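These are my notebook entries on a structure that I examined part by part. I set down what I looked up, in the order in which I went through it.

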Amino acid sequence: DISFAHFNVVEVMSQPCFSHRRIAYLAASLSFTVDTDVILLTVHLFKKRFSNVSSGSAQDAATNVALQEGSMYESGCAINCLANICTPYLAQSLLEDICNMMSSSKPYLRKKSVLVLYAIYRKYTPALRFTFDRLKDKLRDEDSGVQNAAVNVVCELARKNPSNYISLLPALFELLNNSNNNWMLIKLVKLLGSLIPAEPRLGKKLQEPLTHIITNTPAKSLLYECINTVTTCEHMSRGMVRLCLDKLRTFVEDPDQNLKYLGLLGLNKIMDKNVKAVAQHKDLILQCLDDSDVTIRMRALDLITSMVNEKNLEAIIQKLTDHLYGTDGSYRDHVLEQIIQVCKKHDYEFVRDFAWYVQLLTNMTQLSSMCKSNAVLVSSQLMDVTIRVPEVRRFSVQQMEGIIVNNDLISDAHNMQSNAICRILEASSYIVGEYSQFVAQHLILVSAMLQARMSSLPSDIQCIFIHNALKVVCAGLIHFTDDDDDGNTKSEVDDLLTRTISLLQPLSTSSFIEVQERANAYLFFMQWLDSEYRSHPQQLRSLALSLQALSASELMPLHPNSQQVIADKLPNGLDLDAWIFEAPPDDSDDSMLDISDQDADEWFSDKDGGDGDGGGGGCGFVCSLW
Amino acid sequence: MIKGILIVNNHGKIRMSRFYTRIDQRKQQQIIRDVFSIVSKRSDAVCNFVELSRTFVSKYRENLEVKQSLIDTDDAKTTDKNETMIRKIKADRELAEFFDSKLIYRHYATLFFIFLVDQSESELGILDLIQVFVEALDQRFENVCELDIVFHFDEVNHILDEIVMGGMVLETNLNQVMNCVYGMKKYEKLSKSVAKKSVTKLKSHV
């Protein structure tokens, strides 16, 4: 930051010696910003340079001539500096001088002044209106450098606002057909491509000259640009598509990595419109997936995921998962995301075997250090599939049991990075709880879910675990009391109940409020169940059943618009804005507490007053608690 | 449009940097560091293009969204603290725009020549341009090496100015570029001698 020296820079700019001034121009280009106040002083200096005053009166004519030539460089350098430090004020004041220089006799100056116009337009937009005609003329200038500069400027401008430049089309077409300069042709093709959205007929008109260029040019850069522009046309003829695909295929097969990358890029663009045509080259693209270059692999990945259909889904996913285990970093996260996106496209249109999909998701959870968004994705997929596909629930529950019991996952959750794994645990515990009728090893599962290490997980995960552990316990009790011929029913039930109670006790003193509440509530249930069991063992089953009624109703996902459907049809006489009771007084909180206390007393006194009632009252109590 | 040109050596030391868009000084340093970290990890067998959008934009954009909500909430107060914060956020926004571009680089012996361009430039064309630039340096300095760039950085900048002006490509023909460079050198010498003469003239008057 050399703002202390800005004034000195301007001073040096006014020196008689060119080399000094040059240094000052460089310093200005590197350090002046839009806020520099001394820029105002430079206006006069620039004006002097632009009007071609050759300073000093040299003795001999030869030096004079040389000085005249040199003044071209002078103005050139000054223009360069202007292009780098332009501000709206500078642009406004110097516009006229620049315009004069656009008609100078030296092509060097014309070239530079045309190019600096773009810098001026960026800062001072009305300039465009004044100089548009002159710019148009420069497209027909005799020197190719000047034409190049003009095309450059128009190309940049047309990116922002294509409709203004349609009038330049005839001149541009002339240049397209007559020019030999590769660079200019590239810019022209790009420019014409950006004009197509504004002028649809242009697309058809362009096809012929572009085909001509594509088939004849030796320059790969120009070839690629033409193919690029052709793909932005609205409607490509089949011949055109075939031609482009052939050329792109040669790019991809080329050993040069750059060409491979460009070929894949081009295929990506064609893919949007003609999926089938590109799908022919599937094997070639799969080959690219194995390339050592990450950029190329990303592109190939994008291509592959858009050409998936029912038949090749499993093969492709297989290949992609092999990749997953071999790589790391952002590429792997990307691959993971793509795998899931592909599978869930169009509501699982391509997935035939959901058990395979669940297996795939479970395997993914074994990967270490998954990024957060991916973990959320995996967990939501697990839940989604399990809820909506009844047949796969049993399998899913088994897998989730495996995940929870597998201690590695819970110990991993301690690391900061694997905070994402908590999402997976959330999903797996939900599934296990919701469909607990499929659980095989209740005791082991409950022990794993409530183990001591769990208390270092985030509080919301703990809550979920506790809640679902209860559901599993109920299911377990029902299951155990089901098998009457199984001799050790009593011991199993005993084990389950005592283990659960002993595990819940430390949790009931946890520092997280939600965890403590739940643990206490469930601890209470378990202890009550235990005491009931000791006194009336045969009623255990019905007690457990009614406890399970807590989570009995099945929740299915709703269509997002269903709320709107109901809201639109209000039944008559229902005014949603009217008070239901009278407006509540300020001490409403106390009355709420009273009600809950009453319930609790009733319930306490109802010790052996029948199973259903006790359970039902218990339900009511539970509901009001949260 | 070309947004920036960097010459970095293998150890991450920046030998020349030109930015053609307004970026805060500190952010410039950050950009250079980030770009070098991407480019240095790539072996010589991979392609010379990198799309920045996939790597960094998401990181900077997230940062930006968080800070944007900070300015939006307290619009009324304009304390000093807010001023600096607003400036910081504007700088971050420039940075996020900056990363909406492509990186095209070439590795020559100990130096990386890196061009940051946006969507309107052709990738292979820019590769050619880097080649022209290096050849121009070679002709000017005869077997150019890193030290030449360090000690004659003003000349390097002048040559670059003949090729790229204000972010737009000015000239792609090597001969033309060299003609201009030598012409300017001659003119410089001439004007120096004329200036000296005029100084001596003054003395004689006295």
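**Entry 1: a charged patch.** I began with Lys196(B), which has its place in helix α7 (residues 174-205) of chain B. I note that the model is a predicted one, and the values I quote are computed from it. I asked whether Lys196(B) is buried or exposed. Its relative accessibility is 60%, and because exposed means over 50%, Lys196(B) counts as exposed. I then looked for its companions on the surface. Lys196(B) belongs to a patch of positive charge on the surface, where it gathers with Lys185(B), Lys189(B) and Lys192(B).

**Entry 2: a nonpolar patch.** I next looked up Leu147(B), which I found in helix α5 (residues 146-151) of chain B. With a relative accessible area of 53%, Leu147(B) is exposed. Together with Val150(B) and Phe151(B), Leu147(B) makes a nonpolar patch of about 310 Å² on the surface.

**Entry 3: a hairpin in chain B.** I turned to the strands β1 (residues 2-9) and β2 (residues 14-19) of chain B. They run antiparallel, and five bridges join them. Which residue of β2(B) is the bridge partner of Gly4(B)? I found that the partner is Phe19(B). Four residues lie between the two strands of this hairpin, and Gly12(B) takes a positive phi near 95 degrees there.

**Entry 4: salt bridges.** I recorded a count of 20 salt bridges over all chains. As a reminder to myself, side chains of opposite charge can pair when their charged atoms come close.

I looked up Arg49(A), which forms a salt bridge with Glu74(A); their closest N and O atoms are 4.0 Å apart. Arg49(A) lies in helix α3 (residues 39-50) of chain A and Glu74(A) in helix α4 (residues 61-85) of chain A, so this pair ties together parts that are 25 residues apart in sequence. Arg49(A) and Glu74(A) are both buried. A network of salt bridges links these two residues with Arg21(A).

**Entry 5: Asp141(A) and its partners.** I found a salt bridge between Asp141(A) and Arg110(A), with the closest N and O atoms 3.1 Å apart. This pair links distant parts of the chain, 31 residues apart: Asp141(A) is in the loop between α7 (127-138) and α8 (144-160) of chain A, and Arg110(A) is in helix α6 (residues 107-123) of chain A. Both Asp141(A) and Arg110(A) are buried. The side chain of Asp141(A) also meets that of Lys138(A) in a salt bridge, at 3.8 Å from N to O. I noted that Lys138(A), like Asp141(A), is buried.

Key: Residues numbered from 1 in each chain as written. Chains lettered and ligands numbered in written order. Predicted model: local features only at pLDDT ≥ 70, side-chain atom pairs only at ≥ 80, totals over all residues. Heavy atoms only, no water. Pairing = 2+ DSSP bridges. Patch = residues over 30% accessible without salt bridge, like charges linked within 9 Å, V, L, I, M, F, W, Y side chains within 5 Å. Areas by Shrake-Rupley, 256 points an atom, 1.4 Å probe, with all protein chains shown as cover. Lys, Arg positive; Asp, Glu negative; His and termini not counted. Charge placed at Lys NZ, Arg CZ, Asp CG, Glu CD. Buried < 20%, exposed > 50% of the residue type's maximum accessible area, 1.4 Å probe, protein only.
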